[in-house]
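Me: I'd like to go through this model with you, one feature at a time. Can you take my questions as they come?

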Amino acid sequence: SNYGYDLGKNYYLSAGFQVLTQFAPGYNYAVTENPLFKDRISRFFAPAYFNLGVGISYNPVENFQVIFRPVNGKFTFVSDPLLQKKGRYGLERDGQNLRSELGAMLNVLYRLKIYKDISLVNQLVFFSNYSYHPERVDIAYNGLLSMKFDRFISTLVSLDLVYDHDQIKKLQLKQTLGVGISYHLGSENRDKLQKKKFVAPFVK
């Protein structure tokens, strides 16, 4: 989430946070064909990534936004003792459950409407750690394709690409597919929302 105070000319003084984790355990099927729970390589809050920072947002149109945070804290949580190993998720020693980094973050978001009920949201994030090899920039891309079939049924297809030198020195890829059912109660007062100029129109 990103919140901003309108400075004029499409610029916002902004502050934001983001939490990323997973719900189900992850396994390396290339190593273990029929894995058990003890073979897990990830699980809920192991790892979890928390970003918190302040900076400037540029929002010239509703579907495009650039966020620059010269002060951004990046925190990696690993709550599972089995996974608290040196070198895994950037941990510096065995038994460590938290890694803290302070640096700069650049976040670019672009939403493309492909068809009436089909849209693609692209997010590209760069992070540089001030205190440890700032030239090793973390890069993360997320593409989210949303398709709505009717008032109730929708489908989400996502692609994640991550490069983090401190975790693994190669590109990581994740693909997901989800089908959901939704129902909205009540109505939204759009005129009232448009008057709140202190909040950027496109946030994620």
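Reply: Sure, and one convention up front: Ala, Val, Leu, Ile, Met, Phe, Trp, Tyr, Cys and Pro count as nonpolar, Asp, Glu, Lys and Arg as charged, and the others, Gly among them, as polar. This is a predicted model, where local features need pLDDT of at least 70 and side-chain atom pairs count only at pLDDT 80 or more, while totals for chains, interfaces and linings use all residues. Residues are numbered from 1 along each chain as its sequence is written, and side-chain values use heavy atoms, with hydrogens and water left out.

Me: How do the residues lining the second largest cavity divide into nonpolar, polar and charged?
Reply: A cavity here is a set of points on a 1 Å grid over the protein atoms alone where a 1.4 Å probe fits but cannot get out, and lining residues have an atom within 4 Å of a point. The lining consists of E101, F127, N129, Y132, H133, R136, D138 and D166. By class, that gives two nonpolar, two polar and four charged.

Me: What is the volume of that second largest cavity?
Reply: Rolling a probe the size of a water molecule over the atoms shows where empty space is left. Grid points are joined across faces, edges and corners, and a volume is the space filled by probe spheres set on the points. The whole-structure search turns up two cavities of 30 Å³ or more. For the second largest, the volume is about 40 Å³.

Me: In what order do the helix and strands run from the N terminus?
Reply: Both kinds of element are DSSP runs numbered from the N terminus: helices are H or I with at least four residues, strands E with at least two. The protein has one helix and nine strands. Their order is β-β-β-β-β-β-β-β-β-α.

Me: What share of the residues counts as buried?
Reply: Buried means under 20% relative accessible area, exposed over 50%, and partly exposed in between, with a 1.4 Å probe and protein chains only. The C-alpha atoms fill a box of roughly 55 × 40 × 25 Å along the principal axes. Of the 204 residues, the buried share is 29%.

Me: Which residue in the hairpin of β1 and β2 takes a positive phi?
Reply: Two strands pair if DSSP finds at least two bridges between them. β1 (residues 2-8) and β2 (residues 11-20) do so in the antiparallel sense, over six bridges, and D6 sits opposite Y12 in β2. Two residues lie between these strands, and the one with phi near 55 degrees is K9.

Me: Which peptide bond is cis in the loop between β2 and β3?
Reply: Most residues other than glycine have a negative phi, and most peptide bonds are trans. F45 lies in this loop, with a positive phi near 60 degrees. P47 is in the loop between β2 and β3 (48-61) too. With omega about 5 degrees, the cis bond is the one joining A46 and P47.

Me: Is F45 buried, partly exposed or exposed?
Reply: The relative accessibility of F45 is 30%, so F45 counts as partly exposed.

Me: And Y89, buried or exposed?
Reply: Y89 is found in the loop between β4 and β5. Phi of Y89 is positive, about 55 degrees, although Y89 is not a glycine. Its relative accessible area is 14%, so Y89 is buried.

Me: Which residues does T76 contact, leaving aside neighbours within four places in sequence?
Reply: Contact means heavy atoms within 4.5 Å. T76 belongs to strand β4 and, at 2% relative accessibility, counts as buried. Its partners are P47, A48, Y49, Y89, N97, L98 and R99.

Me: How far apart are the C-alpha atoms of K86 and Q96?
Reply: K86 lies in the loop between β4 (64-77) and β5 (98-115), and is exposed because its relative accessible area is 62%. Beyond four places in sequence, K86 is in contact with L91, E92, R93 and D94. K86 and Q96 are ten residues apart along the chain, and their C-alpha separation is 7.9 Å.

Me: What is the bridge partner of S154 in β9?
Reply: β7 (residues 138-148) and β8 (residues 153-164) run antiparallel, joined by ten bridges, with L144 opposite S158. Four residues link β7 to β8 in a hairpin. β8 also runs antiparallel to β9 (residues 168-181), over eleven bridges, in a hairpin with three residues between them. In β9, the partner of S154 is G180.

Key: 1 Å grid on protein atoms, 1.4 Å probe; cavity = no way out; pocket = protein on both sides within 12 Å on 5 of 7 lines; lining within 4 Å.
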